[in-house]
Amino acid sequence: MGSKYTKRYTEEFKRDAIALVDSSGKTVTAVARELGISSGSLRGWYRKAKADQGEGTPGDLSSDEREELKRLRRENREQQQTIEILKKATAFFVKENDR
């Protein structure tokens with residue numbers, strides 16, 4: 001949930017801002033100040049764009065990799081829940097069998 005004051009920027013605006021950083025030779029902070037946006041936002045967009053292009057720093061995930069990681073974590077959580085249910089069911093049937 002974002003603040004009611006959070007601005008939403010279009011993908012086109014983000015692409016243009018990133019291109020301006022690349023083409024102007026100015027720092028991210030300087031370009032952000034010129035555009036009237038948060039330098040943290042522009043820096044995040046810039047890093048994400050570079051990672052998606054394969055030019056990011058080591059350890060940066062591309063958007064596709066981030067989505068896959070999210071999907072795998074969800075699958076892992078579901079499998080852990082299934083394992084817990086099966087453990088409880090096994091314990092229940094073992095106890096019933098001993099009677």
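## Helix packing and a pocket: worked exercises

In this predicted model, Phe 13, Ala 17, Leu 20, Val 21 and Ser 24 of α1 meet Val 28, Val 31 and Leu 35 of α2.

**Exercise 1.** Classify the contact of α1 with α2 by residue class, then describe how the two helices pack.

*Solution.*
1. Sort the residues. The contact has seven nonpolar, one polar and no charged residues.
2. Take the geometry. α1 and α2 pack at an angle of about 130°, and their axes are 10 Å apart.
3. Name the arrangement. That angle makes α1 oblique to α2, since angles over 115 and up to 145 degrees fall outside the perpendicular and antiparallel ranges.
4. Add the hand. The crossing of α1 and α2 is right-handed.

**Exercise 2.** Do the same for α2 (residues 28-35) and α3.

*Solution.*
1. Start with the geometry. The angle between α2 and α3 is about 120°, with the axes 8 Å apart.
2. Name it. α2 is therefore oblique to α3.
3. Give the hand. The α2 and α3 crossing is right-handed.
4. List the contact. α2 brings Val 28, Thr 29, Val 31 and Ala 32; α3 brings Ser 39, Leu 42 and Arg 43.
5. Sort by class. Four residues are nonpolar, two polar and one charged.

**Exercise 3.** Which residues line the largest pocket, and which helices each supply at least two of them?

*Solution.*
1. Note the volume of the largest pocket: about 240 Å³.
2. Read off the lining. Glu 11, Lys 14, Arg 15, Ile 18, Trp 45, Lys 48, Ala 49, Asp 52 and Gln 53 form it.
3. Assign helices. α1 (11-24) and α3 (39-52) each supply at least two lining residues.
4. Count classes. The lining has three nonpolar, one polar and five charged residues.

Key:
Residues numbered from 1 in each chain as written. Predicted model: local features only at pLDDT ≥ 70, side-chain atom pairs only at ≥ 80, totals over all residues. Heavy atoms only, no water. 1 Å grid on protein atoms, 1.4 Å probe; cavity = no way out; pocket = protein on both sides within 12 Å on 5 of 7 lines; lining within 4 Å. Points joined across faces, edges and corners; volume = space filled by probe spheres on them. Helix = DSSP H or I, 4+ residues; strand = E, 2+ residues; numbered from the N terminus. Nonpolar A, V, L, I, M, F, W, Y, C, P; charged D, E, K, R; others polar. Axes fitted to C-alpha atoms, helices over the stretch in contact; angles between N-to-C directions. Parallel < 35°, antiparallel > 145°, perpendicular 65-115°, else oblique. Left-handed = near helix turned anticlockwise from the far one by under 90°. Contact = heavy atoms within 4.5 Å.
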